[in-house]
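Hi,

Here is the structure I promised to pass on. My notes on what turned up follow below it.

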Amino acid sequence: MPFRAILVAALAVLGACNTHLVGRTDSPFTGQFGISVPVPPPSLKAAPVQYFDVQGNLDAEDPVADTQVFLYDRSSGRGFFVYADQYGEFEFSAVKLDLTDNCLEVWSEEPGPNGQASGHTFYVADIDADDKTVVTMELAEEC
């Protein structure tokens, strides 16, 4: 089940621990991540811990309503999940992320006993050379 998401900076509060392990993977989870900070601090290197909103779409021909999308930062141990709507749209709010130490694991699961689960994909977010932009990189292996 392909997936596309954009990480956008925001300040808000949301938290839900993720302790769920996927037992079955039907298709790989692929996607694109980008992080932008609309009003960045003077230096992201001086303030690398920021809050981000993650918005995206499952990018499926017929998205299944209430598909769960999971985001887990392996470095901090913080996990989040949200439900996609009938159009495949979803949004995480206020994901706390250290731009100098993170490993983002992302996957989705359709509801029901016959629901498909995607594979897990890994990303790292980092501070770009301009010190105001965040860049992300999809990893070929787990981090």
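Let me start with Phe-92: leaving aside residues up to four places away in sequence, Phe-92 is in contact (heavy atoms within 4.5 Å) with Asp-53, Val-54, Val-69, Phe-70, Leu-71, Phe-80, Phe-81 and Val-82.

Before the rest, some ground rules. This is a predicted model, in which local features need pLDDT of at least 70 and side-chain atom pairs count only at pLDDT 80 or more, while totals for chains, interfaces and linings use all residues. Residues are numbered from 1 along each chain as its sequence is written, and side-chain values use heavy atoms, with hydrogens and water left out.

Phe-92 also appears in the largest nonpolar core (buried Ala, Val, Leu, Ile, Met, Phe, Trp, Tyr and Cys residues joined through side-chain atoms within 4.5 Å). That core has 20 residues, and Leu-71, Phe-90, Phe-92 and Leu-99 have the most contacts inside it. At least two core residues come from each of strand 3 (49–57), strand 4 (68–73), strand 5 (78–83), strand 6, strand 7 and strand 8 (121–127). Strand 6 contributes the most, with four residues. Strands here are DSSP runs of E, at least two residues long, numbered from the N terminus.

There is also one disulfide (a pair of cysteine sulfur atoms within 2.5 Å). Cys-103 and Cys-143 form it, with S to S at 1.5 Å. The link is right-handed, with 75° about the S-S bond. Cys-103 is buried (under 20% relative accessible area, 1.4 Å probe, protein chains only) at 4%, whereas Cys-143 is partly exposed (from there up to 50%) at 41%.

Best wishes
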